[in-house]
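The paragraphs that follow lead the reader through one structure, taking its sheet and its helix contacts in turn. Please keep the sequence and the three-dimensional view at hand while reading.

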Amino acid sequence: MSTILKTVVAKYLRAGRPARGTRDAYHTTLKKWRQWGGGFPIENLGRKEIREFLDWIYERAIMHEGTNPGRTANKARENLRAIMAWAWEQDLIDTLPRFPKPQEQRDVAGRHYLTKAEVNALYFATHKMKRPRGWKLLIPVGRYWRSALVVFFNYGVDTGTVWKSAPCHEPTLWRHVTWDRQSPDREVKEKLPWGWIYYRRVKTGKPFYRPMNRVVHAHIKSIMPPAPDSNAPVFLGGGSRSNTRFRHLCDHAGIKPKTNVETGENGSWLLKDLRKTCATYYNAHVPESSIEILGRSVGGVTYRHYAHQGPLAFKAIMTLPHPSAFASLINGFDGECPCCRRRFEDAS
């Protein structure tokens, strides 16, 4: 029985339930496939047809004055390869067709991660953050943001995991933090002296039990009330416009806007860029560890069902080199300049 690509794409997206932007990208590739004239069954799809399809996309991008036609063709290649690999795993096709080599593309479209010097500047700039309207807590709002920066840098969490800025978000609560040596997840065999933290990804809902290294442990302890409510959120001060506050924090830190090389336009830094920052430093520290730590979806039966990446993530988290500012709290210099010991005054 023959199967067309449209049917396979629908089943693939229904099985994986990717994010909306990912679904739109696959539908765009499917639309180009129909425009090219790919109405034949996927069982008859070979390297020759794939090459002609990708060459058509490349030439079409040039015709429409695309700024990076190689990247446009390679994106369609990645989508089509993922679909065909899934169809092969599901026994919809007998063999996986060979794919032509990717086109040359311009990879750099601007720097989308923060350097450690910029993270240091953000950390110390939290002392300049103004108290939100109605703030009655004794702990200044900047201390919550310093702890949040540490968590973003170590785990690459979503913004909704830290602050509940939308009704669908599930923020980290105090009952999700445990100080035991043993993880609440009994499948995790590693033990450590600083405890564990639990959270879910916003997009997929996948749960994670992550170890707290010394830096994370110290910062979570610094915002812990004397008798924490187990149902209360750990991090406060984000509000419904946390990205706006983060932009103001970048202004206080003197961080220049990020520039898109293709368009030359400047854009504001967002909290999701901290997730990209986390992935950048984990990949430099322990290759491939960011896939497991950030909870990214990976194709392939072997990786998803057989490869156990927990120990790799544990090792990466416990040995990750941190920006120097994160050690201020551990060394007893919280609220002081590390070089001249000048006291920072939190803004009122």
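In this predicted model, strand 2 is a mostly covered element, since four of its five residues are buried. Strand 2 covers residues 196-200 and belongs to an open sheet of three strands, whose order is 1-2-3 and whose pairing is antiparallel. The strands at the edges are strand 1 (177-178) and strand 3 (207-211), each of which pairs on one side only. As general background, the strands of a sheet pair through backbone hydrogen bonds, and they may do so in a parallel or an antiparallel way.

The two pairings of strand 2 can be followed residue by residue. Towards strand 1, the antiparallel pairing consists of two bridges, and here Val177 stands opposite Ile197 of strand 2. Towards strand 3, strand 2 pairs over five bridges, again in the antiparallel sense; Trp196 has Pro211 of strand 3 as its bridge partner, while Tyr198 stands opposite Tyr209 of strand 3. Strand 2 and strand 3 form a hairpin with six residues between the strands, and in this hairpin Gly205 takes a positive phi near 75 degrees.

The loop between helix 7 (159-162) and strand 1 contains His176. Is His176 buried or exposed? Its relative accessibility is 10%, and His176 therefore counts as buried, the cut-off for that class being under 20%. Apart from neighbours within four places in sequence, His176 is in contact with Glu170 and Pro171, and also with Trp196, Ile197 and Tyr198; these last three residues lie in strand 2, which spans 196-200.

A second loop residue, Ile42, lies between helix 2 (20-36) and helix 3 (47-63). With a relative accessible area of 2%, Ile42 is buried. The C-alpha atom of Ile42 is separated by 5.7 Å from that of Ile4, although the two residues are 38 residues apart along the chain. If residues up to four places away in sequence are not counted, Ile42 touches Thr3, Ile4, Leu5, Val8, Met84, Ala87 and Ile93.

Some of these partners recur where helix 1 meets helix 4, among them Leu5, Val8 and Ala87. Two packed helices are described by the angle between their axes and by the distance between those axes. The axes of helix 1 (residues 5-16) and helix 4 (residues 69-89) come within 10 Å and cross at roughly 85 degrees, and the two helices are therefore roughly perpendicular to each other. On the side of helix 1 the contact is made by Leu5, Val8, Val9, Lys11, Tyr12 and Ala15, and on the side of helix 4 by Leu80, Ala82, Ile83, Trp86 and Ala87. By class, the residues of this contact divide into 10 nonpolar and one charged, with no polar residue.

Another helix pair is formed by helix 6 (residues 141-155) and helix 8 (residues 214-222), which pack at an angle of about 155 degrees with their axes 9 Å apart. That angle makes helix 6 roughly antiparallel to helix 8, and the crossing of the two is left-handed. From helix 6, the residues Arg143, Arg146, Ser147, Val150, Val151, Asn154 and Tyr155 meet Val215, Val216, His219, Ile220 and Ser222 of helix 8. The residues of the contact between helix 6 and helix 8 divide into six nonpolar, four polar and two charged.

Conventions
Residues are numbered from 1 along each chain as its sequence is written. This is a predicted model: local features need pLDDT of at least 70, side-chain atom pairs count only at pLDDT 80 or more; totals for chains, interfaces and linings use all residues. Side-chain values use heavy atoms; hydrogens and water are left out. Axes are lines fitted to C-alpha atoms, for helices over the stretch in contact, and angles run from 0 to 180 degrees between N-to-C directions. Angles under 35 degrees count as roughly parallel, over 145 as roughly antiparallel, 65 to 115 as roughly perpendicular and the rest as oblique. Contact means heavy atoms within 4.5 Å. Ala, Val, Leu, Ile, Met, Phe, Trp, Tyr, Cys and Pro count as nonpolar, Asp, Glu, Lys and Arg as charged, and the others, Gly among them, as polar. Two strands pair if DSSP finds at least two bridges between them. Buried means under 20% relative accessible area, exposed over 50%, partly exposed in between (1.4 Å probe, protein chains only). A crossing is left-handed if the near helix is turned anticlockwise from the far one by less than a right angle, and right-handed if clockwise.
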